[in-house]
Amino acid sequence: MNKLKWGVLSTANIGLTKVLPAIQKSENGVVYAIASRSERTASDAASHLSIPVSYSSYQELLDDPEVEAIYNPLPNHLHVEWTIKAMMAGKHVLCEKPLALKLEDINKLIELRDKTGLTVSEAFMVRYHPQWLTARKAVREGNIGLLRNIQGFFSYYNDDKNNIRNIKEAGGGGIWDIGCYPVTTSRFIFDEEPLRVASILEYDPETGTDRMSSVMMEFPSGQASFSCSTQLSPYQRMQIFGTKGRLEVEIPFNAPADKACRIFLSKGDFYFEDYELIDFPVCDQYTLQAESFVRTIRGEQDNHVPLEDALRNMKVLEAIFKAGKSGKWEDVC
Ligand SMILES: NC(=O)c1ccc[n+]([C@@H]2O[C@H](COP(=O)([O-])OP(=O)(O)OC[C@H]3O[C@@H](n4cnc5c(N)ncnc54)[C@H](OP(=O)(O)O)[C@@H]3O)[C@@H](O)[C@H]2O)c1
């Protein structure tokens, strides 16, 4: 099979450590070229990962006619600018989350996608992991009775002032970085959009980025809440409550590529003695994401997360920031 040639915008840590090795394992793509602002960084990364071509500017990568799709893991504030540049160069784009920092920017991308016919997607890899597909199926099949409530937590500790997560102008802060995950997975499981949200956001006085947040979302058929923090002990968990049972996704977001993942299906006892363990064969959610993206480009299937979904997620994130400021419930519109 003719494998798709990926080009990579930057030597971002997530690319070098997770996504590029995952693409290299994929059945329908190869990492063909990587670009960095510095020639040395680009060639070091290329030799480290055996990538055939390296460029010392992002534009040179976009100008390479061999490159068919771009993976964009730039800092958040550069996602839209470089996704548009890549599309103008005729490339499909898989862009890291959050795709944009403003709603109207996603509308621009949708317009350009419709004009060009290119495939563009926000890289929410969790949406391709079998554990989330299984959780959604179990809920739909009534295994926990009627779905009513979702609770989540996502935290890590990182107070490095030079890290993009702690730089306000780069789109730093916990909601953009990790709060987006409980939002997307709650929407995925409810299969609905929240009507309104309330939130408490605490900002780091030095960096101005949100460092600890608690959010409530009212959905048409239930409620979801989560807390997230960039300055707490690392933890992640999602719990999905129905009238007859509960699903617990043990490692909901950073599912490891070398260990089996587990979901607990509890039929409801306080002491957690009666539960069914659903485990999943080892898989790499970044590989699944890349393969799905390429299959969509090739017209073999169309199950990548579309830009319309990124738009709906963004509406919720915007309402969370608004509610944090106003101290009131804010409609998601
Ligand atoms: N899906 C996931 O699991 C996941 C996990 C972590 C992060 N992410 C997302 O991936 C993106 C990158 O995160 P990361 O932690 O990997 O970032 P990072 O290591 O800081 O890398 C960002 C890269 O962007 C380039 N860059 C261009 N302009 C820059 C500027 N003004 N400041 C800093 N870097 C600049 C640099 O590459 P060059 O020097 O090579 O040009 C830098 O290495 C973010 O959008 C983040 O939300 C996703």
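Which residues does I320 touch, not counting residues up to four places away in sequence? I shall begin with that question. In this predicted model, I320 touches I175, V183, V197, S199, L201, V215 and F226, with residues up to four places away in sequence left out of the list.

I320 also belongs to a wider group. The largest nonpolar core has 101 residues, and I320 is one of those with the most contacts inside it, together with W6, W132 and I240. Helix α9 gives the most to this core, with 10 residues. Domain 1 and domain 2 both give residues to this core, so it lies between them. As general background, nonpolar side chains in soluble globular proteins tend to be buried together.

Let me now turn to the domains themselves. The domain assignment gives domain 1 as residues 4–123, and domain 2 as residues 127–283 together with 313–331. The C-alpha centres of domain 1 and domain 2 lie 27 Å apart. Their contact takes 12 residues from domain 1 and 13 residues from domain 2.

The next topic is the empty space in the model. The largest pocket holds about 1000 Å³ of space. Its lining consists of 39 residues, and those closest to the centre are N13, I14, I164, R165 and D177. Four elements each give two or more residues to this lining: α1 (13–24), β7 (147–157), α7 (174–190) and β11 (231–242). Of these, α1 supplies the largest share, 4 residues. By class, the lining of the largest pocket comprises 18 nonpolar, 15 polar and 6 charged residues.

Why does the largest pocket lie between domain 1 and domain 2? The reason is that domain 1 (4–123) and domain 2 (127–283 + 313–331) both give residues to its lining.

I come next to the second largest pocket, which has a volume of about 340 Å³. Of the 13 residues that line this second pocket, K168, W176, Y203, F321 and K325 lie nearest its centre. In the lining of the second largest pocket, 4 residues are nonpolar, 4 are polar and 5 are charged. Helix α9, residues 307–326, gives the most to this lining, with 3 residues.

To close, I return to helix α9. This helix gives the most to the largest nonpolar core, and α9 also gives the most to the lining of the second largest pocket. As for the two domains, both give residues to the lining of the largest pocket, and both give residues to the largest nonpolar core.

Technical notes: Residues numbered from 1 in each chain as written. Predicted model: local features only at pLDDT ≥ 70, side-chain atom pairs only at ≥ 80, totals over all residues. Heavy atoms only, no water. 1 Å grid on protein atoms, 1.4 Å probe; cavity = no way out; pocket = protein on both sides within 12 Å on 5 of 7 lines; lining within 4 Å. Points joined across faces, edges and corners; volume = space filled by probe spheres on them. Nonpolar A, V, L, I, M, F, W, Y, C, P; charged D, E, K, R; others polar. Domains from an automatic or database assignment. Core = buried A, V, L, I, M, F, W, Y, C linked by side-chain atoms within 4.5 Å. Buried < 20%, exposed > 50% of the residue type's maximum accessible area, 1.4 Å probe, protein only. Contact = heavy atoms within 4.5 Å.
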